[in-house]
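Open the model in your viewer and keep the sequence panel beside it. Each stop below says what to select and what is there.

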Amino acid sequence: LVLESAASQAQLKEIETKILSLLSSSSGNILDDEELINTLGNAKVASQRIEERVAVQEKTQAEISETRKFYMPVAFRSSAQFFVVADLASIEPTYQYSLEWFVGIYLAAIDHAEKGRGEARLKNLNNEFTFRLYNNVCRSLFEKDKLLFSLLLTVKMLGHDSELNHAQMMLFFQAGGGGGILSRPKPQ
């Protein structure tokens, strides 16, 4: 689409250059120059065709942009999950996953996600990707780290979806999930 648009613009520029060249080199009455008149006629037809193609290209670019914006939440959520997986290397140095591997899982999730319209499609993509990512990562984790990965992924997704209750998380981490309120207030 971009190449086609650039070719159309170049063709218009070429036509303009040819017309200007013929106008500058013509002598006498311009209306008597048949080559110039034929070139102007051809330029008019070519220009109309190019303008029609450019209009179609602009419409297509607008549709692509709109579709891209629609799928942005899936991309943001997936990028958050990538960083959870990337951070596993700080737990165990052998837990290193490449971006290529991650993109492969992402593309497989797109191919295998249940089809749907609108928000249902976004939900299906998110669910399929999270499921595939979790299964693939857990396959390579030591048993002792699987629960930690589940917690990290859950906390990151709750935070991403703005469903994380920070007070409850602090209570969980500080009190070990024992319940009750914090004895000391949060320092200012």
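A helix here is a DSSP run of at least four residues, and helices are numbered from the N terminus. The place of Glu52, for instance, is in helix α2. Keep in mind that this is a predicted model.

**Stop 1: Glu52 and Val45**

Select Glu52. Is it buried or exposed? Glu52 counts as exposed, because its relative accessibility is 54% and the cut-off for exposed is over 50%.

Now add Gln96 to the selection. Glu52 and Gln96 are 44 residues apart in sequence. Their C-alpha atoms are 51 Å apart in space.

Move to Val45, also found in helix α2. Val45 has a relative accessible area of 39%, so it is partly exposed. Draw a distance from Val45 to Gln81, C-alpha to C-alpha. It spans 53 Å, with the two positions 36 residues apart in sequence.

**Stop 2: α1 against α2**

Two packed helices are described by the angle between their axes and the distance between the axes. Select residues 2-25, which form helix α1, together with α2. How far apart are the axes of α1 and α2? They are 10 Å apart, and the packing angle is about 160°. The two helices are therefore roughly antiparallel, as angles over 145 degrees count that way. α1 passes α2 in a left-handed crossing.

Show the side chains at this contact. On the α1 side, look for residues including Leu12, Ile15, Ile19 and Leu22. On the α2 side, the residues include Leu36, Leu40, Ala43 and Ile50. By class, the contact of α1 with α2 has 12 nonpolar, eight polar and four charged residues.

**Stop 3: α2 against α4**

Keep α2 (34-87) and add α4 (119-140). Here the packing angle is about 15°, and the axes of α2 and α4 are 9 Å apart. That makes α2 roughly parallel to α4. The crossing of α2 past α4 is right-handed.

From α2, pick out Phe70, Tyr71 and Val74, which are among the residues that meet α4. From α4, pick Leu122, Leu125 and Phe129, which are among those that meet α2. The contact of α2 with α4 divides into nine nonpolar, four polar and three charged residues.

Zoom in on Thr130, which lies in helix α4. Its relative accessibility is 19%, so Thr130 counts as buried; the cut-off is under 20%. Which residues does Thr130 touch, leaving aside neighbours within four places in sequence? They are Arg77, Gln81 and Leu153.

**Stop 4: α2 against α5**

Swap α4 for α5 (143-160). The axes of α2 and α5 come within 10 Å and cross at roughly 150°. The two helices are therefore roughly antiparallel. Their crossing is right-handed. Among the contact residues are Phe76, Ala80 and Val84 of α2, with Phe149, Leu152 and Met157 of α5. The contact of α2 with α5 is made up of nine nonpolar, two polar and two charged residues.

While you are on α5, click Lys144, which lies in this helix. Lys144 counts as exposed, because its relative accessibility is 59%. Its C-alpha atom is separated by 49 Å from that of Gln61, 83 residues away along the chain.

**Stop 5: the nonpolar core**

In soluble globular proteins, nonpolar side chains tend to be buried together. Which residues have the most contacts inside the largest nonpolar core? Select Leu88, Tyr97, Leu133, Val137, Leu141 and Phe149. The core has 16 residues. α2, α3 (99-112), α4 and α5 each supply at least two of them. The largest share, four residues, comes from α4.

Now centre on Tyr97. Not counting residues up to four places away in sequence, Tyr97 touches Val85, Leu88, Val137, Ser140 and Leu141.

**Stop 6: Ser162**

Finish at Ser162, in the loop between α5 and α6 (166-175). Most residues other than glycine have a negative phi. Ser162 is not a glycine, yet it has a positive phi of about 60°. Is Ser162 buried or exposed? Its relative accessible area is 66%, so Ser162 is exposed.

Conventions: Residues are numbered from 1 along each chain as its sequence is written. This is a predicted model: local features need pLDDT of at least 70, side-chain atom pairs count only at pLDDT 80 or more; totals for chains, interfaces and linings use all residues. Side-chain values use heavy atoms; hydrogens and water are left out. A nonpolar core is a set of buried Ala, Val, Leu, Ile, Met, Phe, Trp, Tyr and Cys residues joined through side-chain atoms within 4.5 Å. Buried means under 20% relative accessible area, exposed over 50%, partly exposed in between (1.4 Å probe, protein chains only). Contact means heavy atoms within 4.5 Å. Axes are lines fitted to C-alpha atoms, for helices over the stretch in contact, and angles run from 0 to 180 degrees between N-to-C directions. Angles under 35 degrees count as roughly parallel, over 145 as roughly antiparallel, 65 to 115 as roughly perpendicular and the rest as oblique. A crossing is left-handed if the near helix is turned anticlockwise from the far one by less than a right angle, and right-handed if clockwise. Ala, Val, Leu, Ile, Met, Phe, Trp, Tyr, Cys and Pro count as nonpolar, Asp, Glu, Lys and Arg as charged, and the others, Gly among them, as polar.
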